[in-house]
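Please open the structure in your viewer and keep the selection tool at hand. The stops below say what to select next and what is there.

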Amino acid sequence: MTTLADFLDEYGKALRRHLDSPTQGTLAEGYELGRRALVEGISLLDLNENHFRVVQAAEHAAGIGDPDSRLAESALEFLLQTLAALDIATRGYLDGVGRYEQQRTRADDLAGRDAFRTALVESLQDGFFVADSHGAIVEVNSAFGALTGYGAADVPYPLPHPWSMPEGPRYPDLGTEALRFVIPIRHRDGRSLWLAVSTSALIKPENNERIFVGTIRDVTAEHDAQARDQAASRLATAVGAATSVVEVLAVGLDELRRTVGAQTAVVSVWPSRHVEPEVYVSGAEGANGPENAELDARAQAMLDRARRRPGRSLFAIPEGTDSSEGIVAPLGETGDAALWLRFAAPRAISAADWTLFSLLIGHLSLAVQRARNFDQARSTSLTLQRAMLGPIELPPRFSVHYEPALPPLEIGGDWYDVVPLRDGTIGVVVGDCVGRGLSAAVVMGQLRTAAQALLLRGAGPAQLLAELDTVAGRIPGAMCTTVCAAVLDPVRGLVRYSSAGHMPPILADVDATGRLLEGGRSFPLATFETPRRPEATTALTPGSTLVLFTDGLVEQRGVDIDDSFAKIADVLSGTSAKLPREVADAVLSRLRPAAGYDDDVAMVVYRQPPAPLRLEVPAHADELASLRRTLKAWLSAAAVPHDLASDLVAATNEACSNSIEHAYRNGAVPTGRPESTDRSMGRVARSLRDPSADINRVELTATCNTETVVITVEDTGSWKPRSADPGYRGRGIDMMRALTEELDIDHTGPGTRVRMSVTLPAITFPVANPLRGTNRRITG
């Protein structure tokens, strides 16, 4: 380090250079000398004194008597530049002293505030916590410990927090600016709670570390109440559209089971005290189908006791224990139904659980009662509607289709009627009242009843419409009703018909395009006074198909009605070998609009008995397949139901097989045979052919009238006596007798004649829409 004298000497030299020629360089020397003075501890007094002496010497040397203003200004400039570094250091020192004093004051203040903050945080009713940037809880208050069971003594609590529920939803990490969310937790004592969490992010000033502070609040009661409301709303919504007890339980038990966390939900309903209960199951026990949804004796007795208890009461099973396997409750207040909810594992039932169970079972009980009332009202309504609609049991060879435009009504303004008459003819009426819905159905019912009475009294089609004119004029809303009346004579093969402004019937001969029957046309009912109604007669050729229908089938927006007539005629050209029901389905499929019919539709299909079937085939086994196919097609054309047709084909096959296998076993055509012999009727096991087979024949004849089908199988061979022990064969006669109503075997003359006959059953046709809500078991 230099001495004071050396420093002052250097200072004087630098000052004189500046006074001789002031520049920025000389000023920089002054600033550096000031920094040296600060570092080397040069006194300001020594510095100022030296400065004054050098300046004074410089003035004297210059010979200036008065102070030179330029020289004085340069000297002052150099001095200030020298003192600048000293001034900066002085002010920094003073600032540091001030900050120190301020921090001391603040520390003293914070010491008092910390106690206040601690007291304030501890006084909060909400839980308070501080979390570090990694989500670990590092500080909590006593309320936090009370809410979670984890207090300040065990902090920190790193992720995953000990109160989190692994099976519950994952809540957000504490790592955003601000979060508000609700989480489920498991209290240290095992209780399940719901907490509302609110967090905020802060920056610690001492190390710029990001931390999070927040509060928690118990919202279990609010959450449970909201969950109950939501569960009740879901259940009410699920069963809201159900209109029968079966539908209510089908959706209601599933929703109830899922909501309360039950493994199985079972309902037993006792229709009466003398029958076994109907069982409805949702859950594991019904997994194998409703036929296995049966309860053991213990469960049946438990449910039987439950239904006899007071309404709106719930009981844990077993009673009087802390852990329950399930609950039972009467369903409704009529004492004929009970509910059992079985848990997957025994569990404690809290007060909130009881409240939820009671609310949901109450909703289900109300839904069941509402469905019962609806079922009763609907049953009454359907009984009345179907009584108004017309016959459900039809003569053979008929099919009907009825579809109202306004479901859930089973009827509308259209109607049909098929009335067998005493002389063997059949009256058919198809009508259409103006309007739709129940008001049109009321008019329809009155007109249908009147038309049926007129048919039974013997009125022909024209007379029926003429007298129905008078009836329609007295019924409000019956004006402009259209009707087509016809009387079918299956024996003579004729149809008489008359139309009051109605759609013309369509008649199709076998394998021919249908044609419109446009005769006998006049005005709708109750419109004009007509002197007489016209009537037309048309032949019904064997196997022909007649279709009567209302305008709802053919009138569609944007479609020419003639095009609809052409579609029906085209469909009928390819359905002569189909059953009347299949004909109706084919017509409906061809004409049904994409959005469905917007008007009532009534349709009647009739099939005239076909011409007799006569087949004569060689007595060869390989002819049987073709014979069966031909007979099956003829039976369909004769409107024989498929199951009965299958029986007749099987019986006929047995008769033909017997003739082929046994009648010509000797290879020659005999001239006679013993009168008292019998032969065994068995299946064909092998095909027998010999040189004389070309003259061996089997003849099949099938005929039908209005109610009976007769099939005859004849051969010209010899009769084979029946074996005393036919073994596993020889059951042909028994089979034919079981498959037909009458069986007659005649072998007294040349050859053998087998005659089989059956009576065609009446056709049962309900309305188009099947009954909804029929009793059945359900499983989920």
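Start by selecting helix α16, residues 732-739, which lies across β26 and β27. The helix runs at about 140° to β26. Helices (H or I, at least four residues) and strands (E, at least two) are DSSP runs, numbered from the N terminus. Axes are lines fitted to C-alpha atoms, for helices over the stretch in contact, and angles run from 0 to 180 degrees between N-to-C directions.

This is a predicted model, in which local features need pLDDT of at least 70 and side-chain atom pairs count only at pLDDT 80 or more, while totals for chains, interfaces and linings use all residues. Residues are numbered from 1 along each chain as its sequence is written, and side-chain values use heavy atoms, with hydrogens and water left out.

**The sheet under α16**

Next, select β26 together with strand β27, residues 752-759; the two run antiparallel and are joined by five bridges. To find one of these bridges, pick D744, whose partner in β27 is R755. Two strands pair if DSSP finds at least two bridges between them.

Now widen the selection to the open sheet of five strands, in the order β23-β24-β25-β27-β26, with antiparallel pairing. Its edge strands are β23 (613-618) and β26 (742-746), each of which pairs on one side only. On average, neighbouring strands of this sheet are turned by 10° against each other, direction ignored. Helix α14 packs on the sheet as well, touching β23, β24 (697-704) and β25 (708-715). The direction of α14 makes about 175° with that of β23.

In the loop between β26 and β27, select P750. Is P750 buried or exposed? P750 counts as exposed because its relative accessibility is 77%; buried means under 20% relative accessible area, exposed over 50%, partly exposed in between (1.4 Å probe, protein chains only). Then add T716: the C-alpha atoms of P750 and T716 are separated by 6.0 Å, with the two residues 34 apart along the chain.

**Two helices and a buried pair**

Select helix α14, residues 624-637, and helix α15, residues 642-663, whose axes are 10 Å apart and which pack at an angle of about 150°. Show the side chains at their contact (heavy atoms within 4.5 Å). Residues of α14 here include L624, L627 and L631, and those of α15 include A645, L648 and V649. The residues of this contact divide into nine nonpolar, five polar and two charged. In this count, Ala, Val, Leu, Ile, Met, Phe, Trp, Tyr, Cys and Pro are nonpolar, Asp, Glu, Lys and Arg are charged, and the others, Gly among them, are polar.

Stay in helix α15 and select S659. At 2% relative accessibility, S659 counts as buried. Which side chain does S659 join in a polar contact of 2.6 Å? The partner is D715, found in strand β25. D715 is also buried, at 5% relative accessibility. A polar atom of the D715 side chain lies 3.0 Å from the backbone nitrogen of G717. A polar contact is a pair of N or O atoms within 3.5 Å; within protein, one must be able to donate a hydrogen and the other to accept it, and residues adjacent in sequence count only if both atoms are side-chain atoms.

**A second open sheet**

Move to another open sheet of five strands, with the order β12-β22-β21-β17-β18 and antiparallel pairing. The edge strands here are β12 (398-403) and β18 (515-516), and each pairs on one side only. Inside the sheet, strand β17 (residues 506-508) pairs with strand β21 (residues 545-549) over three bridges; I506 has V547 as its bridge partner. Select helix α13, residues 580-591, to see what lies across β12, β21 and β22 (601-607).

From β18, go on to the loop between β18 and β19 (521-522) and select E518. E518 is exposed, with a relative accessible area of 52%. Apart from neighbours within four places in sequence, E518 is in contact with Y497 and P504.

**Last stop**

Select strand β20, residues 536-539, where the side chains alternate. A536 and T538 point to one face and are buried, while T537 and A539 point to the other and are not. Strand β16 (residues 494-500) runs antiparallel to β20 and is joined to it by four bridges, with R496 opposite its bridge partner T537.

Finally, show the protein chain, with its 16 helices and 28 strands. Of its 780 residues, 46% count as buried.
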